[in-house]
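Dear colleague,

I am passing on the structure below, and after it you will find my notes on what was found there. Please read them with the structure open beside you.

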Amino acid sequence: MGSLKELTSSELLRMANHEFLNQLHLIKMNLDLERIDEAKAIIEQYVNKSKAYSSLNRLSLPKTTEWIRIFPYRYSAIELKLKTNIIVAQNMQKDDEIVEHLEKTIQHVYGHLNPYKEQQLSLDVNSSEDGLTICFDLQGEWEIEPIQLQNFEINVQTYEETNQSWKYVLTVKE
């Protein structure tokens, strides 16, 4: 998969613009072929994706929000499915620890992904008066043994950890 480098703002904007133009071309193609329902479905998917990313701004965890938002550009071999339910902002001091745990998880498997298998990460981010939960569900195939990441600053409950599935729930309470 190659080594990762930090992306500049210009590179991120270029990638986001490219993705947006691809979606517009896909919509136009479907309209030209009179496939109205398909064009509407693409628009609906894009709107829902935009709403999920936009709601992350209410989280008040800038580093976690940034990590999730740029994930598709840094880790293009993994498709990201994002769901959010942000009821209250989390003004907690654990932003760095959350990002560190998410990053270590992905870094562990990314260089060992099977390029012939689809890889998908589902993140379900929920923020309420009770705190923050991030349900992490990585599906695909990687050729490295799972590891147990220890982070004493946040609570992580692992439900499955194999070479094809890694599921955990990260919970932070103020």
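A contact here means heavy atoms within 4.5 Å. On that basis, residues 24 or more positions apart account for 67% of the contacts in the protein chain with a separation of 6 or more. Please keep in mind throughout that this is a predicted model.

As to the overall architecture, the protein chain has four helices and five strands, and along the sequence these follow the pattern α-α-α-β-α-β-β-β-β. The radius of gyration of the protein chain is 17 Å, close to the 16 Å that the globule rule gives for 174 residues, so the chain is as compact as a globular protein of that length. The C-alpha trace spans about 55 × 40 × 30 Å along its principal axes, and 37% of the 174 residues count as buried.

Turning to surface and charge, the accessible surface of the protein chain comes to about 10,600 Å², and carbon and sulfur atoms contribute 50% of that area. The chain carries 18 positive and 27 negative charges, and the mean positions of these two sets are 5 Å apart.

The residue I would like to describe in some detail is Gln90, which lies in the loop between strand E1 (79-86) and helix H4 (95-110). Gln90 has a relative accessible area of 5% and is therefore buried, the cut-off for that class being under 20%. Its side chain is joined to the side chain of Ser127 by a polar contact of 2.8 Å. Leaving aside residues up to four places away in sequence, Gln90 touches Leu59, Ser60 and Leu61, and also Ser127, Ser128, Gly131 and Leu132.

Ser60, one of the residues that Gln90 touches, is also of interest for its backbone. Most residues other than glycine have a negative phi. Ser60, however, has a positive phi of about 60° although it is not a glycine; Ser60 is found in the loop between H2 and helix H3 (62-74), and is partly exposed, with a relative accessible area of 35%.

A positive phi is also found at Glu34, a residue other than glycine, where the value is near 60°. Glu34 is placed in the loop between helix H1 (9-32) and helix H2 (36-55), and with a relative accessible area of 68% Glu34 is exposed.

With best regards

Definitions and conventions
Residues are numbered from 1 along each chain as its sequence is written. This is a predicted model: local features need pLDDT of at least 70, side-chain atom pairs count only at pLDDT 80 or more; totals for chains, interfaces and linings use all residues. Side-chain values use heavy atoms; hydrogens and water are left out. Helices (H or I, at least four residues) and strands (E, at least two) are DSSP runs, numbered from the N terminus. The radius of gyration is taken over C-alpha atoms; the globule rule is 2.2 Å times the number of residues to the power 0.38. Buried means under 20% relative accessible area, exposed over 50%, partly exposed in between (1.4 Å probe, protein chains only). Accessible areas come from the Shrake-Rupley method with a 1.4 Å probe; for residues, only the protein chains shown count as cover. Lys and Arg count as positive and Asp and Glu as negative; His and the chain ends are not counted. The place of a charge is taken as NZ of Lys, CZ of Arg, CG of Asp or CD of Glu. A polar contact is a pair of N or O atoms within 3.5 Å; within protein, one must be able to donate a hydrogen and the other to accept it, and residues adjacent in sequence count only if both atoms are side-chain atoms.
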